[in-house]
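User: I would like to understand how the strands of this protein are put together. Could you take me through the sheet step by step?

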Amino acid sequence: NQNACPSYETIKAEFAQIKKYTNRVRTFSLSVCNEGALALRAANELGMNIYLGMWIDRPDTFDAEMAALKAILANTQQGSLDKVDAIIVGSEVLYRKDTDENSLANYIGTVRDLVQPKGIPVTTADVYYEFPPVVVEKLDFLLMNAFPYWEGVTADQGASTLMAHYDSVVQSKANGKPVRIGETGWPSGGGNFGASVASSANQKLYLSNVLCVTRQRNIDMLYFSARDEPYKAGVEAYWGVMYSNFTLKSNL
């Protein structure tokens with residue numbers, strides 16, 4: 001909810017809708033609205049795994065996220081922490097130039113020192129070409145984002161474009177570390193970008209093709225996103241596999 005903090009009951013109810021289609025969720029902040037602790041609790045009660053994201057666009061937000069992470073670790077039993085797939089230190093911070101690569105590497109190292117004794121992996125999520133060696137060195141695995149829609153390709157070229165980016169990260173960025181896909185998707189409406197046409201049919205085509213190829217190649221993928229976000233402008237509102245009320249889109 002962009003206007004007010006959601007209650008625990010709301011988060012759990014939304015996760016229950018998501019669980020009809022996947023057993024994993026990803027969040028983007030720990031401290032805002034106490035989201036990390038509430039989301040982890042909901043995921044555990046529903047038997048879901050979770051990627052806990054930390055939003056670190058400035059030094060003060062990193063401090064707030066670290067305080068929230070320490071509180072989660074202090075107040076959560078190890079059995080519940082076992083449902084955490086990873087801590088994601090930042091979302092596209094290098095792409096947005098929110099911080100520099102050395103500062104990001106230091107943030108990741110600080111988090112890793114804290115959670116490694118708990119057996120929790122650490123990564124960062126960024127656009128596929130934004131993984132400098134100093135950052136990769138600190139990661140347990142790479143979490144790459146790629147949206148072929150924003151490259152102006154046709155929907156039937158989308159999955160092959162995504163896989164080309166994935167292979168480039170494996171070959172030239174990962175230094176032997178595992179690579180997962182942290183965000184990808186196709187909008188069902190809101191406008192076109194070059195040859196990329198936002199439509200229900202193209203969203204279905206892209207989703208189907210990407211699911212097939214990632215399963216065939218045993219690639220872990222997080223699809224963006226669970227539901228539409230109508231408070232966003234233009235095409236940004238239509239990336240969900242569900243409508244904003246968490247009803248599955250009719251063609252999917």
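Analyst: Two strands are said to pair if DSSP finds at least two bridges between them. With that in mind, and remembering that this is a predicted model, we can look at one such bridge, in which Ser91 has a partner in strand E4, namely Ala125.

User: In what order do the six strands form the open sheet?

Analyst: The six strands make up an open sheet in which the pairing is parallel. Strand E1 (24-26) and strand E6 (179-183) stand at the edges with a single partner strand each, so one side of each is left without a neighbour in the sheet. Neighbouring strands are turned by 30° against each other on average, with direction ignored. Read across the sheet, the order is E1-E2-E3-E4-E5-E6.

User: Why is strand E3 largely enclosed by the rest of the structure?

Analyst: Here a residue counts as buried when its relative accessible area is under 20%. Strand E3 covers residues 84-91, and it is largely enclosed because the number of its residues that are buried is eight of the eight.

User: Which residue in E4 is the bridge partner of Ile88?

Analyst: Strand E3 is joined to strand E2 (residues 49-54) by five bridges, and on that side Gly53 stands opposite Ile88. Three bridges join E3 to strand E4 (residues 122-127), and these two strands run parallel. In E4, the bridge partner of Ile88 is Thr123.

User: Through which helix does the chain cross from E3 to E4?

Analyst: The connection is a β-α-β crossover, and it is right-handed. Between E3 and E4 the chain passes through residues 101-115, which form helix H5.

Methods: Residues are numbered from 1 along each chain as its sequence is written. This is a predicted model: local features need pLDDT of at least 70, side-chain atom pairs count only at pLDDT 80 or more; totals for chains, interfaces and linings use all residues. Side-chain values use heavy atoms; hydrogens and water are left out. Buried means under 20% relative accessible area, exposed over 50%, partly exposed in between (1.4 Å probe, protein chains only). Helices (H or I, at least four residues) and strands (E, at least two) are DSSP runs, numbered from the N terminus. A crossover is right-handed if, with the strands pointing away from the viewer, the path from the first strand over the helix to the second runs clockwise. Axes are lines fitted to C-alpha atoms, for helices over the stretch in contact, and angles run from 0 to 180 degrees between N-to-C directions.
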